Amino acid sequence: MKKPPHPYLVLAVSLILPGCGQVLNRQPMRGLMFLFFTALLGTLTAITAPPTASLIGHLAGGLFVYALSIPDAYRTARLRWTIYAKG
């Protein structure tokens, strides 16, 4: 079994680029899905948000998916790291 990347590395990459933590975890399709839905929901909320909404309000959908992708990548990396260490 190939040594998986350290969970903190995956966490750092996931914080900087949405979906790239999943790619490091060797789940490229999952990473692309997170990236796609981040862009899609960010665009939809930007279009439908009222003009008086803040920047966060305009991008709320995309930020929500982005926030979900971070613990998902870290949890998978931590699990793979633990299995590798015990194996």
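Biologist: Where is Asp72 found?

Modeller: Keep in mind that this is a predicted model, where local features need pLDDT (the predictor's confidence in each residue, from 0 to 100) of at least 70, side-chain atom pairs count only at pLDDT 80 or more, and totals for chains, interfaces and linings use all residues. Residues are numbered from 1 along each chain as its sequence is written, and side-chain values use heavy atoms, with hydrogens and water left out. Helices are DSSP runs (H or I, at least four residues), numbered from the N terminus. Counted that way, Asp72 is in helix 5.

Biologist: Where in the protein chain is confidence lowest?

Modeller: The chain averages a pLDDT of 95, and 100% of the residues score at least 70. Helix 1 has the highest confidence, at 97, while the lowest mean, 94, belongs to helix 4 (residues 55–58).

Biologist: Back to that aspartate: is Asp72 buried or exposed?

Modeller: Buried means under 20% relative accessible area, exposed means over 50%, and partly exposed is in between (1.4 Å probe, protein chains only). Asp72 has a relative accessible area of 7%, so it counts as buried.

Biologist: Which side chain does a polar contact join to Asp72?

Modeller: Leaving out neighbours within four places in sequence, Asp72 is in contact (heavy atoms within 4.5 Å) with Arg30, Phe34 and one more residue, Gln22. A polar contact is a pair of N or O atoms within 3.5 Å; within protein, one must be able to donate a hydrogen and the other to accept it, and residues adjacent in sequence count only if both atoms are side-chain atoms. At 3.0 Å, the partner of the Asp72 side chain is Gln22.

Biologist: What covers the buried residues of helix 5?

Modeller: The buried set includes Gly61, Val65, Tyr66, Ile70, Asp72 and Arg80. Val65, with a relative accessible area of 8%, is buried, and beyond four places in sequence it touches Phe34, Phe37, Thr38 and Leu41. The cover includes helix 1, helix 2 (20–24) and helix 3 (28–48).

Biologist: How far does helix 5 reach from its first C-alpha to its last?

Modeller: Helix 5 has 27 residues, and the expected span is 39 Å, taken as 1.5 Å times one less than the number of residues. Pro71 also has its place in this helix. The reach of helix 5 is close to the expected value, at 40 Å.

Biologist: Which aromatic pair is stacked?

Modeller: Rings of Phe, Tyr and Trp (its six-membered ring) pair if their centres lie within 6.5 Å; planes under 30 degrees apart count as stacked, over 60 as edge-to-face and the rest as tilted. The structure holds 2 aromatic pairs. One has its centres 6.3 Å apart and 15° between the planes, and that stacked pair is Tyr8 and Tyr74.

Biologist: How many residues apart are Tyr8 and Tyr74?

Modeller: This pair links distant parts of the chain, with Tyr8 in helix 1 (residues 7–16) and Tyr74 in helix 5 (residues 60–86). Tyr74 counts as partly exposed, at 23% relative accessibility. Along the chain, the two are apart by 66 residues.

Biologist: Why is the pair of Phe36 and Phe37 edge-to-face?

Modeller: Both rings are partly exposed, Phe36 at 49% and Phe37 at 38%. Their centres are 5.1 Å apart, and the pair is edge-to-face because the planes are at 75°.

Biologist: Which residue has its charged end over the ring of Tyr8?

Modeller: A charge sits over a ring if NZ of Lys or CZ of Arg is within 6 Å of the ring centre and within 35 degrees of the ring normal. Here the charged end is 5.7 Å from the centre of the Tyr8 ring, and it belongs to Arg78.
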